[in-house]
Amino acid sequence: MNKIEVKNIYKIFGPRPKRWLQAVHDGMSKETLLERSGHTLGLRDISLSIEEGHIHVIMGLSGSGKSTLIRHFNRLIEPSAGQILVDGTDVMSLGQHELEKFRQQKMSMVFQRFGLMPHRTVLDNAGYGLAVQGVRRAERNERAQHWLEQVGLTGFEQQYPHQLSGGMQQRVGLARALATDAEILLMDEAFSALDPLIRHEMQDQLLALQARLNKTIVFITHDLDEALRLGNRIAILKDGELVQEGTPEDILLAPANDYIEAFLQDVNRGKVLNAEHACYERPLTLTMRTQPVHAVTQLSNRGYEYSAVLDGKRLAGVLTRPAAEQALAEGSRDIARYVEDMASVPATAALDEVLARLLRSSEPLAVTGDNDEFLGVLSRNKVVELVTPMVEAASEAAEAERPAA
Ligand SMILES: Nc1ncnc2c1ncn2[C@@H]1O[C@H](COP(=O)(O)OP(=O)(O)OP(=O)(O)O)[C@@H](O)[C@H]1O
Ligand SMILES: [Mg+2]
């Protein structure tokens, strides 16, 4: 289900946005608009669906419109044109009172610079959103206390923000956002001010919390590694336009243009891609009931040395070509007795782990999902290709340059 749906929004900053809407609609560039009218193009024709329970990352360079986009979700910014639906409700249709309730209860925000109040204790800061909602002190403290515990800050309740490290302050910000029980978290560069190690820890913590809480999270970042790590889906903005939207794999395997490729240059693909991305397109599979003659024919037709064998959806093992030939020679009814154990890796295993395993042994590897469900057979070539596209390109270039013998 879509939690947030954005339909064709345009945002033009300046005194007379409506007057320039048509020109922007017809393709006038951000620079030309500024030159001719003094108006700034914030967003151009953005449509985006954010699914309930997902972490949806918004990426892009500074000034690309990320903050502008998410401020439309709670109507801190109103669109020049277009529609924003949250849980099916058009946010522009809300009256003043409804809007206040909506902002307090549906969404909470986590900010880059933590946004804590320096003269209030950690406990009061964590309970602040609840205070705004009118929750009484006793209950407020109890709930704030609970969320501080969830983010690992028990014992710091009576301290003041300046007594905490940056990472701890950001945890207070996270506790405050979670305490209101809002279904949607808007996180605008929430981890950007943290040093890399703490940042990584906060990402882990967010993922762990999310596995239990199942919120809808809109997460803005400049950092592609962070985006690929956290996002179920990623939207990339450039100059107010949406240039690509998809799963991390979609973006990594098929970047829409040079802008995105430039972003991707330094990504550690071995960490981001997983075993499922490196399976053969059409693996041969046999079942325990397959007749030996059929197994031998299939293997030799395809020129394979082995095949995975299934038992229902589950991986039962592997049948090698010599074993298939032996089954045939011994006149067995089926291949069941000739099936050997097959090593497997989970679909979620990162390619660099898979690669390490491939280097240690030459045995065939199956890729399995939950409950041993068979998903495919790992292709060694594909693993290497996916992990090292640059190396590949470089060696091809070297090959081309080599003079003919
Ligand atoms: N209130 C405003 N008035 C005029 N122009 C604005 C306003 N807010 C944003 N803009 C312009 O809209 C564009 C998008 O800004 P926005 O703050 O959304 O970018 P961003 O992607 O969040 O950047 P950053 O990564 O630096 O936070 C920029 O060109 C900016 O100058
Ligand atoms: Mg911003």
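The following paragraphs describe the two largest pockets of this predicted model.

Rolling a probe the size of a water molecule over the atoms reveals where empty space remains. In the present model, the largest pocket has a volume of about 610 Å³. Its lining comprises 23 residues, and those nearest the centre of the pocket are D225, L228, R229, K271 and V272. Four elements contribute two or more residues each to this lining: α9 (196-213), α10 (224-230), α11 (248-253) and α13 (269-272). In chemical character, the lining of the largest pocket consists of seven nonpolar, eight polar and eight charged residues.

The position of the largest pocket can be read from the domain assignment. Residues of its lining are drawn both from domain 1 (1-95 + 187-197 + 215-267) and from domain 2 (276-387), and the largest pocket therefore lies between these two domains.

Attention may now turn to the second largest pocket, which holds about 410 Å³ of space. Here 16 residues form the lining, with R103, M107, S108, M109 and G129 lying nearest the centre. At least two lining residues come from each of α4 (96-105), β6 (107-110), α6 (128-133) and α8 (166-179). Of the elements around the second largest pocket, α6 provides the largest share of the lining, namely four residues. Sorted by class, the residues that line the second largest pocket are seven nonpolar, six polar and three charged.

Note on methods
Residues are numbered from 1 along each chain as its sequence is written. Chains are lettered from A and ligands numbered from 1 in the order in which they are written. This is a predicted model: local features need pLDDT of at least 70, side-chain atom pairs count only at pLDDT 80 or more; totals for chains, interfaces and linings use all residues. Side-chain values use heavy atoms; hydrogens and water are left out. On a 1 Å grid over the protein atoms alone, a cavity is a set of points where a 1.4 Å probe fits but cannot get out, and a pocket is an open set with protein on both sides within 12 Å along at least five of seven lines; lining residues have an atom within 4 Å of a point. Grid points are joined across faces, edges and corners, and a volume is the space filled by probe spheres set on the points. Ala, Val, Leu, Ile, Met, Phe, Trp, Tyr, Cys and Pro count as nonpolar, Asp, Glu, Lys and Arg as charged, and the others, Gly among them, as polar. Domain bounds come from an automatic or database domain assignment.
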